[in-house]
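Please find below a colleague's note on the structure shown here, set out as numbered points. It is best read with the sequence and the coordinates open side by side.

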Amino acid sequence: MNELKKLNEGGTPSERPFLLIYTNKDNVVNYEWLKTKEELLRVMEEVKGYGCQVLDSTLIASCRVEFP
């Protein structure tokens, strides 16, 4: 666990930490990376309006790490 913490400390902040996963009318899985919770909620309502189904949404860790 300490190794993972060390890796995260050296990572770079994510510009778009919110992930939205949804399917369209043809059952094709799509995803969007978003900057804010408000943007996430707005896009969720938008895709629902097009008849898409939201599968999941999450806040990814505050850092992303590049592995060698």
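The points below go from the overall fold to individual strands, the helix, the core and one loop residue.

1. The model under discussion is a predicted one, and the remarks that follow should be read with that in mind. The chain contains two helices and five strands, and, followed along the sequence, these elements are arranged in the pattern α-β-β-β-α-β-β.

2. Some whole-chain values give the setting for the local remarks. Of the 68 residues in the chain, 21% are buried, while the accessible surface amounts to about 5,500 Å², with 52% of that area belonging to carbon and sulfur atoms. Among the contacts between residues at least 6 apart in sequence, 51% join residues that are at least 24 apart.

3. Strand E2, which spans residues 18-23, is paired with two other strands. With strand E3 (residues 29-34) the arrangement is antiparallel and is held by six bridges, and in this pairing leucine 19 has tryptophan 33 as its bridge partner. With strand E4 (residues 53-59) the sense is again antiparallel, over six bridges, and here phenylalanine 18 stands opposite leucine 59. E2 is also mostly covered, in that five of its six residues are buried.

4. Threonine 23 lies in E2, and is it buried or exposed? Its relative accessibility is 8%, and because buried means under 20% relative accessible area, threonine 23 counts as buried. Apart from neighbours within four places in sequence, threonine 23 is in contact with Val28, Val29 and Asn30, and also with Cys52, Gln53 and Leu55.

5. Threonine 58, in strand E4, offers a second threonine to consider. At 35% relative accessibility, threonine 58 counts as partly exposed. Once neighbours within four places in sequence are left aside, threonine 58 is in contact with Pro17, Phe18 and Leu19. Threonine 58 and leucine 20 are separated by 38 residues in sequence, yet their C-alpha atoms are 6.8 Å apart in space.

6. How many salt bridges does a search of the whole structure find? The search finds two. One of them joins the side chains of arginine 42 and glutamate 46, at 3.6 Å from N to O; both residues lie in helix H2 (residues 37-49), four residues apart, or about one turn of the helix. Arginine 42 is partly exposed, with a relative accessible area of 48%, and glutamate 46 is likewise counted as partly exposed, at 38%.

7. Lysine 48 and glutamate 45 also form a salt bridge, in which the closest N and O atoms are 3.7 Å apart. This pair, too, lies in H2, with the two residues three apart, about one turn of the helix. Lysine 48 counts as partly exposed, at 44% relative accessibility, whereas glutamate 45, with a relative accessible area of 53%, is exposed; the cut-off for exposed is over 50%, so the value for lysine 48 falls under the intermediate class.

8. The largest nonpolar core is made up of nine residues, namely Phe18, Leu20, Tyr22, Leu34, Leu40, Val43, Met44, Val47 and Cys52. E2 and H2 each supply at least two residues of this core, and the largest share, four residues, comes from H2. As general background, nonpolar side chains in soluble globular proteins tend to be buried together. One member of the core, methionine 44, touches Leu20, Val54 and Ser57 when residues up to four places away in sequence are not counted.

9. The last point concerns backbone geometry in the loop between E2 and E3, where asparagine 27 has its place. Asparagine 27 has a positive phi of about 65 degrees although it is not a glycine, and it sits in the hairpin formed by E2 and E3, which has five residues between the strands. With 62% relative accessibility, asparagine 27 counts as exposed. A colleague checking the model may wish to look at this residue together with the two strands on either side of the loop.

Definitions and conventions. Residues numbered from 1 in each chain as written. Predicted model: local features only at pLDDT ≥ 70, side-chain atom pairs only at ≥ 80, totals over all residues. Heavy atoms only, no water. Buried < 20%, exposed > 50% of the residue type's maximum accessible area, 1.4 Å probe, protein only. Contact = heavy atoms within 4.5 Å. Pairing = 2+ DSSP bridges. Areas by Shrake-Rupley, 256 points an atom, 1.4 Å probe, with all protein chains shown as cover. Salt bridge = Lys/Arg side-chain N within 4 Å of Asp/Glu carboxyl O. Core = buried A, V, L, I, M, F, W, Y, C linked by side-chain atoms within 4.5 Å.
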